[in-house]
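Thank you all for coming. Please have a look at the sequence and the structure on the screen, and then I will take you through the fold, the core and one residue outside that list.

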Amino acid sequence: MTPERNIKINPAGNDERARSLIALIDNLIAIVNEENVELAKGLPASRLKQVDEKHRLATLFEQCVAEAVGKTANLNVQDRVLREQLMDRILKLRMAMDENVMRLRAAIDASNRRIEAIMQAIREQIANVSPYGAGGRRVTPAMSYGTNVRA
């Protein structure tokens with residue numbers, strides 16, 4: 001027998017673990033919703049203050065899920081109401097994350113459009129001041145300036 005199977009699971013402990021997971025999910029939902037509001041305002045994704053906290057909470061959530069899937073932590077919630085709350089929070093988190101992915105993609109597309117507009121302006125500016133055409137030949141007459149400077 002593996003050591004995990006010898007562990008006696010305390011149902012009250014599972015309920016407490018579920019409550020902790022619900023609190024974690026609630027915090028993650030709040031951060032993701034806050035980020036979604038900022039993204040809806042058109043702010044670039046790189047300027048969002050929620051990124052670090054969202055990453056930290058998502059990592060914690062991922063660890064909890066990995067433990068449950070890996071059977072190192074059994075999340076067999078006895079309380080039906082608590083189990084329904086947990087499932088409800090997971091559904092709400094999924095909806096918030098779906099919106100977040102959509103808004104992040106839109107922010108990335110907007111950033112790419114801004115970058116392309118800047119690059120196009122730079123290309124046009126370079127083309128307007130360059131004495132050479134696309135074929136590499138000089139398009140403006142060469143100019144020389146004489147100076148009468150004596151040392």
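The secondary structure here comes to four helices and zero strands, where helices (H or I, at least four residues) and strands (E, at least two) are DSSP runs numbered from the N terminus. Read from that end, the elements run α-α-α-α. A word of care: this is a predicted model, in which local features need pLDDT of at least 70 and side-chain atom pairs count only at pLDDT 80 or more, while totals for chains, interfaces and linings use all residues. Residues are numbered from 1 along each chain as its sequence is written, and side-chain values use heavy atoms, with hydrogens and water left out.

Buried residues, meaning those under 20% relative accessible area with a 1.4 Å probe and protein chains only, make up 20% of the 151 residues.

Turning to the largest nonpolar core, a set of buried Ala, Val, Leu, Ile, Met, Phe, Trp, Tyr and Cys residues joined through side-chain atoms within 4.5 Å, we find 16 residues, of which Leu21, Ile25, Leu28, Phe61, Leu86 and Leu93 touch the most other members. Helix 2 (11-40), helix 3 (51-69) and helix 4 (80-129) each give two or more residues to this core, and helix 2 gives the most, with nine. Leaving aside residues up to four places away in sequence, Ile25 touches Phe61, Leu86, Arg89, Ile90 and Leu93, contact being heavy atoms within 4.5 Å.

Finally, is Glu38, in helix 2, buried or exposed? Glu38 counts as buried because its relative accessibility is 16%, and, with the same sequence neighbours of up to four places left out, Glu38 touches Leu43, Leu48 and Gln50.

Technical notes
Buried < 20%, exposed > 50% of the residue type's maximum accessible area, 1.4 Å probe, protein only.
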